[in-house]
Amino acid sequence: MSLLTVGSVAFDALETPFGKTDKIIGGSGTYITLSASYFTQENNLVAVVGDDFPHTMINDFNQHGINTEGLQVRAGEKTFFWSGRYHNDMNSRDTLETQLNVMEDFDPIIPDSYQNCQYLMLGNTAPAIQQTVIERLKNRPKLIMLDTMNLWINIANPDLMSVLKLVDILVVNDEEARQLTHEYSLVRAAARIHAMGPKTVIIKKGEHGALLFGEGRIFFAPALPLEEVFDPTGAGDTFAGGFIGYLAKTDDTSFDNMKRAIIYGSAMASFCVEKFGAERIMNLTEAEIQDRVSEFVKLSAFGLE
Ligand code: AMP
């Protein structure tokens with residue numbers, strides 16, 4: 001089934017305890033579509049960049065089967081820029097700088113060829129942009145998933161509440177879930193988010209895995225304990241791309257299939273953190289992904305069934 005992803009395509013500057021990068025390619029849309037490309041055949045991207053964005057990267061998107069007809073390249077303007085610094089535990093980070101540049105007045109134009117997409121992933125962008133995308137689709141997709149962050153919870157809360165009414169799944173990290181709901185318990189936080197609109201809620205807990213809430217049920221997926229974590233940037237988006245890519249591939253939105261999708265998403269995220277930026281998820285094989293999924297199965301199997 002076809003997937004439409006809307007998100008940022010960016011330059012990032014990162015500092016982790018293991019090193020520093022000046023300006024590498026990042027963005028929510030980049031990580032989501034690259035990750036989903038290992039699952040879906042029809043992978044459509046809507047985003048905006050400036051003419052400082054390398055053509056080679058657009059070619060790389062296309063090499064991964066990502067349709068870039070909806071990627072606007074604005075002459076004379078600069079690509080979105082974000083920089084962040086990780087704390088020593090790598091589970092938390094500070095945003096050092098956000099330069100919206102082309103994202104400031106991004107108008108998400110949906111090409112006709114994307115109109116009949118069945119799966120929609122609204123990556124991290126302003127909630128008003130996310131809602132515009134939903135309104136511009138002539139038919140409602142079968143499944144709409146939305147990611148957001150602390151910035152939008154703080155500065156665009158009414159817009160966020162408005163778009164949340166329209167989506168099926170919200171994916172956030174534990175800190176964002178607590179900030180959004182003012183509940184410490186993640187079970188209570190998920191219940192409050194259900195009341196805001198999404199019938200399914202995914203709460204990511206970084207190196208401590210992810211929780212899935214839906215149909216009155218809870219599922220927990222661990223994260224793979226890794227010897228080396230270089231850079232967690234994009235892990236959340238890579239997780240989301242693997243999750244929705246798997247759902248689109250199998251075209252099954254039941255809770256039981258979402259449990260499998262969470263494991264595929266977690267497997268993809270475990271690759272992402274092994275290198276800086278998106279480098280690792282640009283060069284994966286099917287066999288590597290399957291091996292990783294098998295490691296997840298072994299990790300928590302204890303033979304009681
Ligand atoms: P993640 O580590 O999965 O939360 O995603 C990191 C990516 O989010 C980086 O590559 C950034 O370029 C992108 N990002 C950070 N802030 C924003 C923002 N305000 N809007 C859109 N994308 C952002």
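**Exercise 1. The ligand's polar contacts**

How far is an oxygen atom of the ligand from a polar backbone atom of Gly-236? Then find which side chains bring polar atoms to the ligand in this predicted model.

*Solution.*
Step 1. Start with the backbone. A polar backbone atom of Gly-236 is 3.2 Å from an oxygen atom of the ligand.
Step 2. Turn to Asp-237. One of its polar side-chain atoms lies 2.7 Å from a ligand oxygen atom.
Step 3. Look at Ser-8. An N or O atom in its side chain is 2.8 Å from a nitrogen atom of the ligand.
Step 4. Apply the cut-off. A polar contact is a pair of N or O atoms within 3.5 Å. The distances to check are 3.2 Å for Gly-236, 2.7 Å for Asp-237 and 2.8 Å for Ser-8.
Step 5. Add the cover. On its own, the ligand has 510 Å² of accessible area, and the protein covers 93% of it.

**Exercise 2. The shell around the ligand**

How many residues surround the ligand, and which are the closest? Which element gives the largest share of the shell?

*Solution.*
Step 1. Count the shell. The ligand has 19 residues around it. The closest are Ser-8, Asp-12, Gly-27, Gly-234 and Asp-237.
Step 2. Sort by type. The shell holds 9 nonpolar, 7 polar and 3 charged residues.
Step 3. Sort by element. α8 gives the largest share, 3 residues.

**Exercise 3. The sheet of 9 strands**

What is the strand order in the open sheet of 9 strands? Which strand residue stands opposite Val-6?

*Solution.*
Step 1. Read the order: β5-β4-β1-β8-β9-β10-β11-β12-β13, with mixed pairing.
Step 2. Find the edges. β5 (66-74) and β13 (217-221) each pair on one side only.
Step 3. Note the twist, which averages 15° from one strand to the next.
Step 4. Zoom in on one pair. β1 (residues 3-6) and β4 (residues 43-50) run parallel, joined by 4 bridges. Val-6 faces Val-46 in β4.
Step 5. Place a helix. α2 (residues 55-63) lies across β4 and β5, at about 160° to β5.

**Exercise 4. The sheet of 4 strands**

In which sense do β2 and β3 pair, parallel or antiparallel?

*Solution.*
Step 1. Recall the background. Strands of a sheet pair through backbone hydrogen bonds, either parallel or antiparallel.
Step 2. Read the order: β3-β2-β6-β7, an open sheet with mixed pairing.
Step 3. Name the edge strands: β3 (19-26) and β7 (93-99).
Step 4. Answer. β2 and β3 pair in the antiparallel sense, over 6 bridges. Asp-12 stands opposite Ile-24 in β3.
Step 5. Link back. Asp-12 is also among the residues closest to the ligand.

Methods. Residues are numbered from 1 along each chain as its sequence is written. This is a predicted model: local features need pLDDT of at least 70, side-chain atom pairs count only at pLDDT 80 or more; totals for chains, interfaces and linings use all residues. Side-chain values use heavy atoms; hydrogens and water are left out. A residue is near a molecule or strand if one of its heavy atoms lies within 4 Å of it. A polar contact is a pair of N or O atoms within 3.5 Å; within protein, one must be able to donate a hydrogen and the other to accept it, and residues adjacent in sequence count only if both atoms are side-chain atoms. Accessible areas come from the Shrake-Rupley method with a 1.4 Å probe; for residues, only the protein chains shown count as cover. Helices (H or I, at least four residues) and strands (E, at least two) are DSSP runs, numbered from the N terminus. Ala, Val, Leu, Ile, Met, Phe, Trp, Tyr, Cys and Pro count as nonpolar, Asp, Glu, Lys and Arg as charged, and the others, Gly among them, as polar. Two strands pair if DSSP finds at least two bridges between them. Axes are lines fitted to C-alpha atoms, for helices over the stretch in contact, and angles run from 0 to 180 degrees between N-to-C directions. Contact means heavy atoms within 4.5 Å.
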